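I opened a notebook for this structure. I wanted the overall build before the details.

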Amino acid sequence: MGRGDDANILRGVPGTALTGLWGRPFLPLDEVLADVGVAPDDLAAVHDEICLAYASLPVDYTGGSHRSMGITPPSRQAEAVVDYLEVLRALSPADWQSFVSLADDPADFEDVDPADVGEERSVPLSRRHMLWLKVRFGVYFPWKGYLELIPNQKWTDKATVEGKRFTRNARTFLPRTCALVERLPFVGVGRCNIMGLEAHDHGTVHRDGDPDEQDAPDEFITISPVPGKRLFIWDEEHRRAHVVTGSRAVWFNDFDYHGVEAAPFFRYSVRVDGVFTDAFRALIGARYQ
Ligand SMILES: [Fe+2]
């Protein structure tokens with residue numbers, strides 16, 4: 001079965017406003033992965049290595065402009081608090097100069113409109129930009145423990161596998177994690193990163209595409225080597241969260257709204273995007289369709 005061959009996969013979740021996958025808000029993958037030789041213990045085994053990498057590597061921030069990107073549900077607009085694109089659009093000329101001075105290369109910002117800066121736009125934020133926006137304006141970056149293992153410029157590049165490779169830092173500090181990702185049942189991996197949240201932070205509710213424009217779900221696996229990160233799929237119509245619990249590996253329809261609950265400790269997951277093998281797609285289908 002190829003990607004997009006089964007329109008039934010987007011039939012909707014009964015009693016909810018969710019599109020879901022085969023009528024479910026999310027799919028636990030632990031057992032299907034075990035069927036292809038990736039045991040739950042294999043998913044847990046990378047935790048020590050990831051903790052050491054967090055202690056050794058500079059981490060990035062991500063998120064921080066979900067509201068201005070127009071991808072947050074109406075009932076949860078306020079939880080994004082201060083959104084950086086809204087801040088950038090309102091900067092005084094003097095503050096814009098301060099902002100540009102914090103670029104890795106200020107020349108990149110010549111003739112750039114502030115509305116073209118940041119995630120999914122033409123010029124990315126530097127690490128110094130993010131810190132300044134946080135302390136100067138109170139911008140909320142939900143994921144302050146973001147490690148890119150296979151970077152992408154744009155979200156829409158994540159299913160493209162040609163030319164993608166692990167960073168040198170990933171190969172050096174996370175060899176077991178890279179090896180695990182390479183064993184996952186993808187034809188190719190287009191994007192891989194570790195999404196960490198600091199204690200008390202929450203992941204702002206958003207969706208990664210418009211369900212009205214979706215003809216097939218994006219294929220990915222999100223892995224939580226240890227419990228504690230409470231991802232939920234958000235039914236905006238019924239104001240109800242469907243929390244993922246009890247699974248180390250899940251797939252969900254990221255065109256549905258989703259977020260992460262706050263908790264008083266650091267949490268992370270490893271997200272791997274790409275193109276599933278036909279065999280794995282058939283295995284998931286046999287279990288859930
Ligand atoms: Fe997302």
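My entries follow, from the whole protein down to single residues.

**Entry 1: overall build**

I noted at the start that this is a predicted model. I counted the secondary structure and got 9 helices and 11 strands. Next I looked up the radius of gyration, which is 19 Å. The globule rule gives 19 Å for 289 residues, so the protein is as compact as a globular protein of that length. I also fitted a box along the principal axes. The C-alpha atoms fill roughly 60 × 45 × 40 Å.

How much of the protein is buried? Of the 289 residues, 39% count as buried. I then looked at contacts between residues at least 6 apart in sequence. Of these, 80% join residues at least 24 apart.

**Entry 2: two domains**

I checked how the chain is divided. Domain 1 takes residues 7–60 + 142–288, and domain 2 takes 61–137. Their C-alpha centres lie 25 Å apart. The contact between them draws 15 residues from domain 1 and 13 residues from domain 2.

Which strands supply at least two residues each to the side of domain 1 that touches domain 2? I found strand 3 and strand 5 (203–206). I sorted that side of domain 1 by class as well. It has 7 nonpolar, 2 polar and 6 charged residues.

**Entry 3: the sheet**

I traced the sheet next. It is open and made of 7 strands, in the order 1-9-6-11-4-3-2. The pairing is antiparallel. Strand 1 (26–28) and strand 2 (60–62) are the edge strands, and each pairs on one side only. From one strand to the next, the twist averages 35°.

I reminded myself of what holds such strands together. Strands of a sheet pair through backbone hydrogen bonds, either parallel or antiparallel.

**Entry 4: strand 4 and its partners**

I stayed with strand 4, residues 186–197. In the sheet order it stands between strand 11 and strand 3. Is strand 4 mostly covered or mostly open? It is mostly covered: 10 of its 12 residues are buried.

On one side I followed strand 3, residues 143–150. It runs antiparallel to strand 4, and 5 bridges join the two. I picked out two of the pairs. Leu147 has Ile194 of strand 4 as its bridge partner. Glu148 has Asn193 of strand 4.

On the other side I followed strand 11, residues 267–276. It pairs with strand 4 in the antiparallel sense over 10 bridges. Here Gly196 stands opposite Tyr268 of strand 11.

**Entry 5: Ile50**

I moved to helix 3, residues 47–56, where Ile50 lies. Why does Ile50 count as buried? It has 20 other C-beta atoms within 10 Å, and the cut-off for buried is 20 or more.

I listed the contacts of Ile50, leaving aside its neighbours within four places in sequence. They are Leu174, Thr177, Ile194, Pro225 and Tyr268. Two of these names were already in my notes. Ile194 is the bridge partner of Leu147, and Tyr268 stands opposite Gly196. Ile50 and Tyr268 are 218 residues apart along the chain, yet their C-alpha atoms are separated by 9.5 Å.

**Entry 6: positive phi**

I looked for backbone oddities. Trp22 has a phi near 45°, a positive value in a residue other than glycine. Trp22 is found in the segment before strand 1. It counts as partly exposed, because 18 C-beta neighbours lie inside 10 Å.

Asp111 also has a positive phi, of about 60°, although it is not a glycine. I found Asp111 in the loop between helix 5 (93–101) and helix 6 (127–137). Asp111 is exposed, with 5 other C-beta atoms within 10 Å.

**Entry 7: Glu110**

I closed with Glu110, which is found in the loop between helix 5 and helix 6. Is Glu110 buried or exposed? Glu110 is exposed, with 7 other C-beta atoms within 10 Å. I also took a distance from Glu110 to Val100. They are 10 residues apart along the chain, and their C-alpha atoms are separated by 8.8 Å.

How values were computed:
Residues numbered from 1 in each chain as written. Predicted model: local features only at pLDDT ≥ 70, side-chain atom pairs only at ≥ 80, totals over all residues. Pairing = 2+ DSSP bridges. Helix = DSSP H or I, 4+ residues; strand = E, 2+ residues; numbered from the N terminus. Axes fitted to C-alpha atoms, helices over the stretch in contact; angles between N-to-C directions. Domains from an automatic or database assignment. Contact = placed C-beta atoms within 7 Å. Nonpolar A, V, L, I, M, F, W, Y, C, P; charged D, E, K, R; others polar. Rg over C-alpha atoms; globule rule 2.2 N^0.38 Å.
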